[in-house]
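Dear colleague,

I am passing on the structure we spoke about, with the sequence alongside. Please open both before reading on, as the notes below follow the chains residue by residue.

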Amino acid sequence: MSMSVQGVIAANRFGLGAKSGEIAAASLNPRAWLKQQLQALDFNDGLASSGELEIALAEYQRDRKAAKKMAEEKNPSIQFGKSAQKMSIAVAKRAIDSNISLSWRLLDFFSNHFSVSSSGRRMVALAPTLEREAIAPNLDQRFEEMLLSVVRHPAMLTYLNNERSFGPNSRAGKRGRGLNENLAREILELHTLGVNAGYGQADVIELAKALSGWSVAMPIKEKATGFVFRDRGHEPGIRTLLGRRYKQKAGPLGVRQAEAMLRDLANHPATAEHLCFKLARHFVADEPSADLQAKLTDAWLQSQGNIRRVMEALIDADESWQTPAQKFKTPREFVISAARGIALPAFSGRKIWNALATLGQQPFQSGSPAGYSDLGSDWRGASALIGRVEWSTSIANQAKFLAQTTSEQAIMRQCLGDTVSERTAQSVLRAESREQALTLLLMSPEFLRR
Amino acid sequence: MKRRELCRLAGVSMAALSLPPLILAKDAEQGSPKVVWVMLRGALDPLHTLVPTFDPDLSKLRPTLYKAIKQDVLALSNGYALHPSLVNLHAWYQAKELLPVAAVSSGYPSRSHFDGQDFLEAGLGRIDHESGWLGRAVQAKNKRALAIARATPISLRSDATVNTWYPSRLQDASTATYESLLKLYEQDEQLSTLLQDGLDLQEQANSMQTTQRQGRFIDLVRSCASLMVGPQGNDCAMLELGGWDTHKGQANRLARSLKELDKGLAVLKEGLGGEWQNTVVVVGTEFGRTAKENGTGGTDHGTASALFFAGGAINGGRVLGQWPGLSESALFQKRDLRPTSNVYSWLAAVLGEHWQMSQLELAQVFPSASTLANSASLRLVSRSGLSSSKPMT
């Protein structure tokens, strides 16, 4: 079956790396092959939901107070770490096995866009639930739906300290509880408009006031989990954001004020530009062309931020298919593409986790609401490269006996199509052992970039 | 044509060779006879390792390669010599604990490393990924076997259980891999600069880095030895060492790699202590290299290579294997050292004596019957009265 350059690009640049047969399948009609992959993702893997975890966290807290010693002996705190690890590993494994890896790449992109980090017991438990519950179901929706889901999610509300942010003139505020601007600031700077998009400190405070009262239910006390709007913590009054006035609503309807702001922010032209720049940077090049950005931004504005339409525009744009490949794979992309390419049964969850941690991209550990960098220069360190050589070698050592039924040539072709340089092909085929051949394949310029 | 010729070679009978015992008789109380199989991946150059200084064509075929070692080679007997790096092996030869065999082949008819290695490991005259010669021997004799590897190599595969051990914290990538990568990145400035910087950084960060890297095999051997001694020690182990695919700069690379091998084997002897007297070490490679040196100071994939037996149990101090000569007509396909005997003939003879294997058992391990001809009379290994009290039939 013939393999085209575009088939290789479809599988490796847009997808998470070619699996067996993918390049050939993509080569028939690379654009259609990608578009049919665009869909929302769901998780029916039986792993804990944020609600279940909230209950467990609350019970843990209660038990610890009641019988501190016993709780320490059992140390259920460790269980939260384990459940979180399991969730992240499950996502990586789904991505590795997927036939629609474009959507899994998109999940990674937005999960990193709305980055939350595992610091403290609560966030260790909750961080991995955000992408599952708020991002995955909205991958084919308008961006405003995703934004609203994310901002209402306990992981984000907790991570950026909004669950205890109360307006100074609210009933709760009058009893001394204060406003926290953290979530509002990051929504403007990172999630929507982007830094230097013309908003000021006054806008941050206005959004923060509108978001005051957006909180998380207390499972034991309130017998509920998830998002809750605390009317008594909501700052009363009309708010003005980016020159636009948002009416005050009474009681529980107060939630609508910030909802309206978030919808407007999601559909703001600056948000379109910001997100489209990030998408172009993620998929095509660290410094994407103005033409490509313009095409995506047009599609965004015309579709009111419909993610599927924007992705279709990205797939249709000639600029997206340029050669040579511009993107240097992040550790996550490197590990997942290696796992997809080599199809190692030995790629256990634990190994995937260790690889991501060792190579510098442990899930939910970026430590910043800006997430992990999407720039090659931040991943292309000299020591980082050595780290990849060592990891590739250890993987190749485990793979060599499993790979015996498939020739190195076949694996190389399956991963990189017919576009492998003469130099790479010869290095791999003339390697002195199978393990060295696999190491050289994984470390080849063609495999390191996409 | 080529294939048929090699297949014929695979059946070379050792009856044609008149040999004294390969195994020495020992009076001392013996532990279990031990076997260490050291596989050199990448095709060792035989002419640069077991050097036939007597052959008039050597200088002609290898003006620079031979010159690089000619003055310093370590003389054996009959005009053979060892590469100057092999000082410990040379001392063992003098102590009759080293037995080199010249011009051997597994019968593998082509020149691909991977297939050649699989072929050699299977020991069936064909590639089989489920079964290896040492694994079948381990199964037949119910031995305790160990692979210093992450997964069981083909050599040790059979229905028997094999232990694998590999240090998790050792750096995995070999010098050879880094050399290949530097070459692979030659036209990619970004990656080649990064890799070079990374390697420099490593050396700066730890001035021991280079020696550690080179000493890696030594560390593995040390661990291997410690896992073979004592009442629970393994009877048999397999080690692997790469770095033999010397297409260019062979003189320097082999000087380094052979030194690593030599030091590693010395560490094995040291680590085995008294068990060395019961030990047979086998060092082999998938095939040899071209008789003529190439244009980049190296050699390319060839056919026959050398095989080494070492250990206190070996009746050594002589070079075996018939020398085919290096004249153009003597060379295989006018380019490679021609095999004159089959690797498995020697392995069968040595294993048969050392592990007291019956003909039936040997037939299962090395199912090519012709390789077994006359193996009982070979006496390659120096086992105690056991072999005389239980003569093989």
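The largest nonpolar core in this predicted model is made up of 134 residues, and the ones with the most contacts inside it are Ile135(A), Met156(A), Leu296(A), Val310(A) and Leu441(A). The biggest contribution to this core comes from helix α6 of chain A, residues 76-97, which supplies 8 residues. Because domain 1 (50-97 + 111-266) and domain 2 (331-448) of chain A both give residues to this core, it lies between them.

Val310(A) is a useful place to begin looking: leaving aside residues up to four places away in sequence, Val310(A) touches Cys276(A), Leu279(A), Leu296(A), Ala299(A), Trp300(A) and Ser303(A). Val310(A) is also one of the buried residues of helix α18 of chain A (residues 307-316), together with Ile307(A), Met311(A), Ala313(A), Leu314(A) and Ile315(A). The elements that cover these buried residues of α18(A) include, from chain A, α3 (30-35), α9 (143-152), α16 (269-283) and α17 (290-302).

There is also a second, separate core, which has 99 residues, among them Val51(B), Tyr108(B), Ala291(B) and Phe332(B). As for chain B as a whole, it contains 14 helices and 13 strands, and 55% of its 393 residues count as buried. Of the contacts in chain B with a separation of 6 or more, 75% are accounted for by residues 24 or more positions apart.

With best wishes

Technical notes. Residues are numbered from 1 along each chain as its sequence is written. Chains are lettered from A and ligands numbered from 1 in the order in which they are written. This is a predicted model: local features need pLDDT of at least 70, side-chain atom pairs count only at pLDDT 80 or more; totals for chains, interfaces and linings use all residues. A nonpolar core is a set of buried Ala, Val, Leu, Ile, Met, Phe, Trp, Tyr and Cys residues joined through C-beta atoms within 7 Å. A residue is buried if 20 or more other C-beta atoms lie within 10 Å of its own, exposed if 12 or fewer, and partly exposed in between; C-beta atoms are placed from the backbone. Helices (H or I, at least four residues) and strands (E, at least two) are DSSP runs, numbered from the N terminus. Domain bounds come from an automatic or database domain assignment. Two residues are in contact if their C-beta atoms, placed from the backbone, lie within 7 Å.
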